[in-house]
Amino acid sequence: MILTLTANPSLDRTVSLPGRLERGAVQRAVAAGEEPGGKGVNVSRALTVSGVRSMAVLPGADSDPVMAGLRLAGVQYLNLPIEAPLRSNITLTEPDGTTTKVNAPGPALKPVEQEALITLLVGACTAAGAGSVSWLVLAGSLPPEVPPDFYASVAHAVRDRLGAQAPRIAIDSSGPPLMGALLHGAAPDLLKPNAEELSEAAGFSSEEALEADPLLAARAAGMLIERGVGAVLATLGAKGALLVSARGSWLATRPPVQARSTVGAGDSALAGYLLAEVAGGAPPDCLRQAVAHGAAAASLPGTTVPAVAATDPGAVTITPLSGPGGTDSTTPGAGAAGSAAPAPSLSSREES
């Protein structure tokens, strides 16, 4: 079982335009749709559609459209009822894959609701049985009135309650929630930043420089490993993705795909990594599936998530790099750094 916590879930509405977005003009959409969203929800959706058991933990009334969407998608969830309706985000996509997203702030969570959400999550971990929850994903933005160290508080509560049986923790966030988690001892087993977030978390270089130079990005990720992060899965835009841990570091690239929407591509990449990891995959194989999942998501409309059968891990090239722990493995088909075609952008810069 993989649990996800989405403190600020949303109903993601996607509108497809027939041409370029024209500011100030009236345009007619060629298609529109909506899905339950938020980064953790997206991870649970991607895992569920691939046959991996996952539960999404989130605030929201039983009657909220987000819960209705989860039920329709067959995603198992546990919700903390709140009075305010959940937010609705708007995504505009253009034929060339250009995506414009407008995210609402979401309803405020009072301190008593924050504590209740943590209690609900810890209860879900314990109810599943000792050791049966392999991963806990803490993902996305935080709603108003929630302090930036909230994810650290969650991590401490889960580990204090479950001890050695606590699940491994993955964090995918940005800005104050990301820094609050890292500065207050969340010590995630896996951190999934894009280049901008990697630069922010490490306090090193810049987004542009890290996307342009995977070795520089590996150095930034290595700084986080030295500070207690277990592994870093970093998406680097057109350069692909990078996995760095104490065991080594690897770069993944693949031929470009025709992008239809990049919204949720990073969430699908995290789901792909976890899917391979719980199946016993070695680190390079987990990275390979992460990129395959992210690329498949980028080729789908809106926030549609791919099933594992719709991904093509064989198209991904893995290149071992020097890293904190050296390079302890190679993979078939790996080429020299710089020789592989670039991957589609998996940076998923929207913070949902």
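Begin by selecting helix α5, residues 175-183, together with helix α6, residues 195-202: their axes come within 10 Å and cross at roughly 45°. The model on display is a predicted one. An angle from 65 to 115 degrees would count as roughly perpendicular and one under 35 as roughly parallel; α5 and α6 are therefore oblique to each other. The crossing in which α5 passes α6 is right-handed.

Next, show the side chains where these two helices meet. On α5, the contact is made by G175, L178, M179 and L182, and on α6 by E197, E200 and A201. Coloured by character, the residues of this contact of α5 with α6 divide into 4 nonpolar, 1 polar and 2 charged.

**Helix α6 and helix α8**

Keep α6 selected and add helix α8, residues 214-226. The two helices pack at an angle of about 45°, and their axes lie 9 Å apart. α6 and α8 are therefore oblique to each other. The crossing of α6 and α8 is left-handed, whereas α5 passes α6 in a right-handed crossing.

Which residues make the contact of α6 with α8? From α6 come L198, A201 and A202, and from α8 come A217, A220, A221, M223 and L224. The residues of this contact divide into 8 nonpolar, with no polar and no charged residue. A201 deserves a selection of its own: A201 takes part in the contact with α5 and also in the contact with α8.

**Helix α6 by itself**

Now hide α5 and α8 for a moment and consider α6 alone. How many of the residues of α6 are buried? The helix is mostly covered, with 6 of its 8 residues buried. These are A195, E197, L198, S199, A201 and A202. Bring the surroundings back into view, and the elements against which the buried residues pack can be selected in turn: β9, α5, α7, α8 and β11, the last at residues 231-235.

Both ends of α6 merit inspection. At the start of the helix, select N194 and E196: a side-chain oxygen of N194 reaches to within 3.1 Å of the backbone nitrogen of E196. After the helix comes G203, which has a positive phi, near 65°.

Continue to S205, in the loop between α6 and α7, the latter at residues 207-212. Phi of S205 is near 60°, a positive value in a residue other than glycine. With a relative accessibility of 40%, S205 counts as partly exposed.

**Strand β9 and D172**

From α6, move to strand β9, residues 168-172, and select D172 within it. Is D172 buried or exposed? Its relative accessibility is 2%, so D172 counts as buried. Beyond residues up to four places away in sequence, D172 touches K39, L138, A139, G140, K192, E197, D267 and L270. One of these, E197, is already familiar as a buried residue of α6.

**The loop at E145**

Select E145 next, in the loop between β8 (135-139) and α4 (150-162). E145 is a residue other than glycine with a positive phi, near 75°. E145 has a relative accessible area of 56% and is exposed, whereas D172 is buried.

**Strand β1 and T4**

Turn to strand β1, residues 2-5, where T4 is located. T4 is buried, its relative accessible area being 0%. Setting aside residues up to four places away in sequence, T4 touches G40, V41, V43, S44, S54, M55, A56, V57 and V137. Among these, select S44 and display its side chain: a polar contact of 2.8 Å joins it to the side chain of T4. For a sense of scale, draw a line from the C-alpha atom of T4 to that of P214; these residues are 210 apart along the chain, and the separation is 29 Å.

**Helix α1 and L47**

The tour ends in helix α1, residues 39-49, with L47. L47 is buried, with a relative accessible area of 0%. Apart from neighbours within four places in sequence, L47 is in contact with I2, V52, S54, A271 and L275. S54 also appears among the residues that T4 touches. Finally, select P306 and draw a line between its C-alpha atom and that of L47: the two residues stand 259 apart along the chain, and their C-alpha atoms are separated by 9.1 Å.

Definitions and conventions: Residues numbered from 1 in each chain as written. Predicted model: local features only at pLDDT ≥ 70, side-chain atom pairs only at ≥ 80, totals over all residues. Heavy atoms only, no water. Axes fitted to C-alpha atoms, helices over the stretch in contact; angles between N-to-C directions. Helix = DSSP H or I, 4+ residues; strand = E, 2+ residues; numbered from the N terminus. Parallel < 35°, antiparallel > 145°, perpendicular 65-115°, else oblique. Left-handed = near helix turned anticlockwise from the far one by under 90°. Contact = heavy atoms within 4.5 Å. Nonpolar A, V, L, I, M, F, W, Y, C, P; charged D, E, K, R; others polar. Buried < 20%, exposed > 50% of the residue type's maximum accessible area, 1.4 Å probe, protein only. Polar contact = N/O pair within 3.5 Å; in protein donor to acceptor, adjacent residues only side chain to side chain.
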